Structures are given as C-alpha cells and as structure tokens.
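Good morning, colleagues. Please look at the structure on the screen while I describe a few of its parts.

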Amino acid sequence: MQRLLVLGGNGYVGQNICRAALDSGKFSAVASLSRSGRPSNPGPCLANADMLDKVDWLEGDIFDSQRRDETFEGADVIVSTIGAFGSNDFMEKVCGDATVEAVDTAVKHNVSRFGFVSSTQVGGSMEFSPSFPLYGYFKGKEKAESAILEAFPDAHAILRPGFVYGPRNVGSIGPLPLHLVGAPISFVSTQLGPVSSLIQSIPFVGTECGSMVPVHAVSKAMVHGVSDEPRRGLVLSASEIRKYSMLDPQ
C-alpha cells in the first residue's frame, strides 16, 4: 500500500481528500503538510476525533526546501491543494510556484504519482492577460500544471473544477452550507437545456457557473486518480469530476 502526502491538507478541499483517502483503504498512511499543521477547527468530514487522529498533521513552509525534503521522504503519492487569493504576484506564487517547487522535490524523492487541484479556467480557449479577473490565480495554476505534466507525464491526476461547494467551517460560525448556493447554480447552469447553454455562453462567468462541483466528488475523483490509474495520466474536467458525486456522498 502507498503513502499519501497532501499539501495544504488542512484546508477545505485538502481535509476532504484526506478523509476520502482514509475511507478508500488504499493508503497505508495519510499525511498533510501545511503551515499550521493540525486544523484547530476541522470541517464536518473530519469532525470525528478518531478520524482526525488518523492523519499525520505536519507543520512546515512549502517554500522551505529542507522541510520539503524531510516530509517528502518516504511518500509514494503527493497531492497539491495549495491555493490562495490576493495580489496577482501573491496568487501566482502560492497557486503556481509552490506546487512547481513541490514537483521538483517529488522527482528528487522518487514519488510515483502527483495529483493537483487546478481550475476549470486552465486548458480552455481563453488567453490569460494581466487584466483578466484573478489573473495571478489562474496563471499560477497553469504554471503548476505545466510542471506536473512535464515531470509526471504518465503519472498525474489533475482536476479542473470551478467553485467547489459543500459544508465548510468558517471560524466560530460553524459549517457554512455552501451547497445551498453551489448546487442550485450548478443545476441551472448544466441541466436546463437552452437556458444552461445561454448561461455557459457568457465569457468567464458561464464557465465558472457550469463548472461548480461538490467537494465530495472532488475528493473521490482525486483518490481514484492517484490510486486507481497507475499507468496513465489523468486530467478531469468539471463534468467528469461531477460523476463521482454519485458514489456514496459523505
């Protein structure tokens, strides 16, 4: 059985991937690397203390090469969920450069497979320019994808979702039901024939509305991609990710 390391595993999507990996029974160990280590306010997917304790919560800066060497040693599979919002330079660094450096270290330590949560805007026909909304975010994701495809041409799992929805803890507020917003918009944007086609024809906004996916589908798709497809690379669009929502939602 393989050992999994999730970069940014204490975040919203990362926690769900950790939980899906544990549920799958396909990994001998599941660990997370992030600045803050163990989440102080775990989401619903890891609210059970016993389940939370099954993940090895490691602290460290992804830009610290020595810490990467320490934590990547012995890992068979690495999944990057790293991302953040801010200035264009900041987003490009966190959403792109962090994973690029992780890829270099993964190659050094003979990691067998690399997974990445990208964006639905990457790989499309739209060209990014500095005036594009969230330019640094998408440019960073694009840069990270390129590094992964080059280093792991037959051993990658790249997911391209839009807005990821589901119960999400926000500070002391508790679980924020993002699915009450995401699910209806996703339905209207994908299941209403001509109406959905009209929405999806709107540049940028249409793509985002038509690419919303539930977080449990993202987590299950990623676990499948890094454990069940060892002989080929995998790039999943939002519609392909959405198919995993039919598999025993958490």
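I shall speak about a strand, a loop residue and a pocket.

The model is predicted, so that local features need pLDDT of at least 70 and side-chain atom pairs count only at pLDDT 80 or more, while totals for chains, interfaces and linings use all residues. Residues are numbered from 1 along each chain as its sequence is written, and side-chain values use heavy atoms, with hydrogens and water left out.

I begin with strand S11, residues 234–237; strands here are DSSP runs of E with at least two residues, and helices are runs of H or I with at least four, numbered from the N terminus. Leu234 and Leu236 point to one face of S11 and are buried, that is, under 20% relative accessible area with a 1.4 Å probe and protein chains only. Val235 and Ser237 point to the other face and are not buried. In a regular strand the side chains alternate between the two faces of the sheet. Strand S6, residues 156–160, runs parallel to S11, and four bridges join them; pairing requires at least two DSSP bridges. Arg160 stands opposite Ser237.

Next, Asn110 lies in the loop between helix H4 (88–108) and strand S5 (113–117). Its phi is near 60°, a positive value in a residue other than glycine. Asn110 is exposed, at 68% relative accessible area, where exposed means over 50%.

Finally, which elements give two or more residues to the lining of the second largest pocket? They are helix H1 (12–24) and helix H9 (215–227). Lining residues have an atom within 4 Å of a point on a 1 Å grid over the protein atoms alone, and a pocket is an open set of points where a 1.4 Å probe fits, with protein on both sides within 12 Å along at least five of seven lines.
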